[in-house]
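Fancy a few warm-up problems on a protein model? Grab your viewer and try each one before reading its solution.

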Amino acid sequence: MRILAIDTALVNCAVAVWDSDGVGVPPVLFCETIGRGHAERLTGMLGEAMAEASCAFSDLDRIAVTTGPGSFTGMRVGLSAARGFGLVLGKPVVGITTLAAMAKPFLGEVQTHPVFVSMEGKGEEIYCQLFGAEGVPRSPAEVRRLSELSETLPPETRFVGASSRRVVEAVGASTDRILSEAACPDVADVARLGVLADPKQARPVPLYLRPPDAAPQKKGKIARL
């Protein structure tokens, strides 16, 4: 399966062209930490990655895209691009959460402990999810307060993500249990999960854990300069 993976949900703008069946065919990975401006950079990066992979868009079997948690604007950029390609090419598009992609390299045969993935939220809040060692989620992706974690995590839990140091301090765990403090997933792991995902289940829709900050206008009034 030849898959195009896109990640614009957080500070990275990243693209992968991945051939899961090609023996000896190296993946093409492009990643830049840009913070903002995903819409301006993504189109050029897609063209560069496809050219380096010597792959036409019509040769793709599937598109994978991160669905969040992440920035509202960033998620929409990647999702719009992926769904647009899927519509034009007639190819399935699967959504992969950033939390699942960040957990991916630390699950399965790598180690036998549950993994708690976390990223920074507002104040004492974090965006997080607990995964069993076999890769099956043990909790939904959710917003949690650090003070709520101590009684809910298994004692053997390992930690991944940008908030890991704050989490281990909150639960009284050793920093030796931190496996990674990366703030973004590796786009290669987005591609790996995209190959395995069921298009009927992994829908390419944004994962919003809280409503947007923008408030609707009251009584239908139009803002004027």
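Below are some exercises on this predicted model, each with a worked solution.

**Exercise 1. Size up the largest pocket and say what lines it.**

Start with volume: the largest pocket holds about 580 Å³ of space. Next, count the wall: 27 residues line this pocket, and A9, L10, G70, S71 and F72 are the ones nearest its centre. Then ask which secondary structure elements chip in. Both α2 (72-89) and β6 (115-120) give at least two residues to the lining, and α2 has the largest share with four residues. Finally, sort the lining by class: 14 residues are nonpolar, eight are polar and five are charged.

**Exercise 2. Do the same for the second largest pocket.**

The volume here is about 310 Å³. This pocket is lined by 16 residues, with T97, A100, F131, G135 and P137 closest to the centre. On the element side, look at the strands β5 (93-96) and β7 (125-131), since each of the two supplies at least two lining residues. By class, the lining splits into ten nonpolar, four polar and two charged residues.

**Exercise 3. Work out how many disulfides the model has, and why C13 and C128 come out as they do.**

First, recall the chemistry: a disulfide is a covalent bond between the sulfur atoms of two cysteines. The cut-off to apply is a pair of cysteine sulfur atoms within 2.5 Å. With that rule, the count is zero disulfides. Now check C13: the nearest cysteine sulfur belongs to C31 and sits 8.1 Å away, and C13 is in no disulfide. Then C128: the closest cysteine sulfur is in C184, 17 Å off, so the gap is too far for a bond. Last step, accessibility: C13 is buried at 0% relative accessibility, and C128 is buried at 0% too.

**Exercise 4. Decide whether N12 is buried or exposed, then find the polar partner of its side chain.**

Place the residue first: N12 belongs to strand β2 (residues 12-19). Its relative accessible area is 10%. Buried means under 20%, so N12 is buried. For the partner, scan the side-chain N and O atoms: the side chain of N12 makes a polar contact with the side chain of T33 at 2.8 Å. To finish, list what N12 touches, skipping residues up to four places away in sequence: D7, C31, E32, T33, H38, C184 and P185.

**Exercise 5. Hunt for backbone oddities at P69 and S54.**

Here's the background: most residues other than glycine have a negative phi, and most peptide bonds are trans. Start with omega: the peptide bond joining G68 and P69 is cis, with omega about 5°. P69 sits in the loop between β4 (62-66) and α2. Now phi: S54 isn't a glycine, yet has a positive phi of about 55°. You'll find S54 in the loop between α1 (38-52) and β4. As for accessibility, exposed means over 50%, so S54, at 63%, is exposed.

**Exercise 6. Compare sequence separation with C-alpha distance for A188, M45 and A173.**

Take A188, in helix α5 (residues 187-196). A188 and V15 are 173 residues apart in sequence, but their C-alpha atoms are 8.5 Å apart in space. A188 is buried, at 4% relative accessible area. Setting aside neighbours within four places in sequence, A188 is in contact with W18 and L29.

Move to M45, in helix α1. Along the chain, 31 residues separate M45 from A14, with 7.9 Å between the C-alpha atoms. M45 is buried at 0% relative accessibility. Beyond four places in sequence, M45 touches C13, A14, V15, F30 and E32.

Now for A173, which lies in the loop between α4 (164-171) and β10 (178-180). A173 and A183 are ten residues apart along the chain, and their C-alpha atoms are separated by 20 Å. At 22% relative accessibility, A173 counts as partly exposed. Again ignoring residues within four places in sequence, A173 is in contact with F159 and V168.

Definitions and conventions
Residues are numbered from 1 along each chain as its sequence is written. This is a predicted model: local features need pLDDT of at least 70, side-chain atom pairs count only at pLDDT 80 or more; totals for chains, interfaces and linings use all residues. Side-chain values use heavy atoms; hydrogens and water are left out. On a 1 Å grid over the protein atoms alone, a cavity is a set of points where a 1.4 Å probe fits but cannot get out, and a pocket is an open set with protein on both sides within 12 Å along at least five of seven lines; lining residues have an atom within 4 Å of a point. Grid points are joined across faces, edges and corners, and a volume is the space filled by probe spheres set on the points. Ala, Val, Leu, Ile, Met, Phe, Trp, Tyr, Cys and Pro count as nonpolar, Asp, Glu, Lys and Arg as charged, and the others, Gly among them, as polar. Buried means under 20% relative accessible area, exposed over 50%, partly exposed in between (1.4 Å probe, protein chains only). A polar contact is a pair of N or O atoms within 3.5 Å; within protein, one must be able to donate a hydrogen and the other to accept it, and residues adjacent in sequence count only if both atoms are side-chain atoms. Contact means heavy atoms within 4.5 Å.
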